[in-house]
Amino acid sequence: MIITKTTPYTKEEIEKLQEVFDTYIKTVIDIEKRICSAGCDRHYESEEVLLKDGSNQSVIWGGGIDLETKDIDYNSFINIRPNDNNSSNEIQNQEIRKKYEALTKYFFKLVL
């Protein structure tokens with residue numbers, strides 16, 4: 001189940017997001033508009049939701065949260081964008097990583 005929002009996820013929403021991978025939630029965040037789309041099976045599914053909502057491709061980044069270790073990762077195929085100076089699955093720009101991390105902590109403050 002994909003849930004897209006601009007406010008933190010509730011306990012009930014987080015439980016629904018866990019239905020795909022149990023202890024891991026894939027996230028895609030528009031770091032400018034501060035919108036998170038989470039719970040996808042593949043990152044491109046949440047990316048499509050944000051693009052249809054008017055987000056700009058260059059500010060949409062993917063990763064996820066391991067709910068057991070509380071680790072945030074910055075790894076997604078949607079992050080491979082040489083035109084945006086990112087040639088890897090990992091978010092390489094440290095400023096973008098910091099924004100992504102801060103927003104992930106905001107959206108998932110009940111579990112992080």
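Biologist: Is K105 buried, partly exposed or exposed?

Modeller: Happy to help, and please keep in mind that this is a predicted model. The relative accessibility of K105 is 42%. Partly exposed covers the range between under 20% and over 50%, so K105 counts as partly exposed.

Biologist: Thanks! Which residue does K105 meet in a salt bridge?

Modeller: In general, side chains of opposite charge can pair when their charged atoms come close. Here the N to O distance is 3.0 Å, and the side chain that K105 meets in this salt bridge belongs to E101.

Biologist: How many residues apart are E101 and K105, and in which helix?

Modeller: Both sit in helix 3, which spans residues 94-107. About one helical turn separates them, because they are four residues apart in helix 3.

Biologist: Let us move to another pair. What is the N to O distance in the salt bridge of E15 and K11?

Modeller: These two residues belong to helix 1 (residues 11-17), where they are four residues apart, so about one helical turn separates them. Their side chains meet in a salt bridge, with an N to O distance of 3.4 Å.

Biologist: And which of these two, E15 or K11, counts as exposed?

Modeller: E15 has a relative accessible area of 43%, so it is partly exposed. Exposed requires over 50%. With a relative accessibility of 54%, the residue that counts as exposed is K11.

Biologist: Where is R81 found?

Modeller: For this one, look at the stretch that follows strand 5, which covers 71-73. R81 lies in the loop between strand 5 and helix 3.

Biologist: Is R81 buried or exposed?

Modeller: Its relative accessible area is 8%. Buried means under 20%, so R81 is buried.

Biologist: What surrounds R81, leaving aside its neighbours within four places in sequence?

Modeller: Closer in sequence, a polar atom of the R81 side chain lies 3.1 Å from the backbone oxygen of I78. Once neighbours within four places are set aside, R81 is in contact with Q57, S58, V59, I60, W61 and N86.

Biologist: Which residue forms a salt bridge with R81?

Modeller: The closest N and O atoms of this pair are 2.9 Å apart. The partner has a relative accessibility of 29%, so it counts as partly exposed. The residue that forms this salt bridge with R81 is D84.

Biologist: One last thing: how many salt bridges does the count come to?

Modeller: We have visited several of them, among them the pair of E101 and K105 and the pair of D84 and R81. The rule asks for a nitrogen to oxygen distance within 4 Å. By this rule, the number of salt bridges is six.

Methods: Residues are numbered from 1 along each chain as its sequence is written. This is a predicted model: local features need pLDDT of at least 70, side-chain atom pairs count only at pLDDT 80 or more; totals for chains, interfaces and linings use all residues. Side-chain values use heavy atoms; hydrogens and water are left out. Buried means under 20% relative accessible area, exposed over 50%, partly exposed in between (1.4 Å probe, protein chains only). A polar contact is a pair of N or O atoms within 3.5 Å; within protein, one must be able to donate a hydrogen and the other to accept it, and residues adjacent in sequence count only if both atoms are side-chain atoms. Contact means heavy atoms within 4.5 Å.
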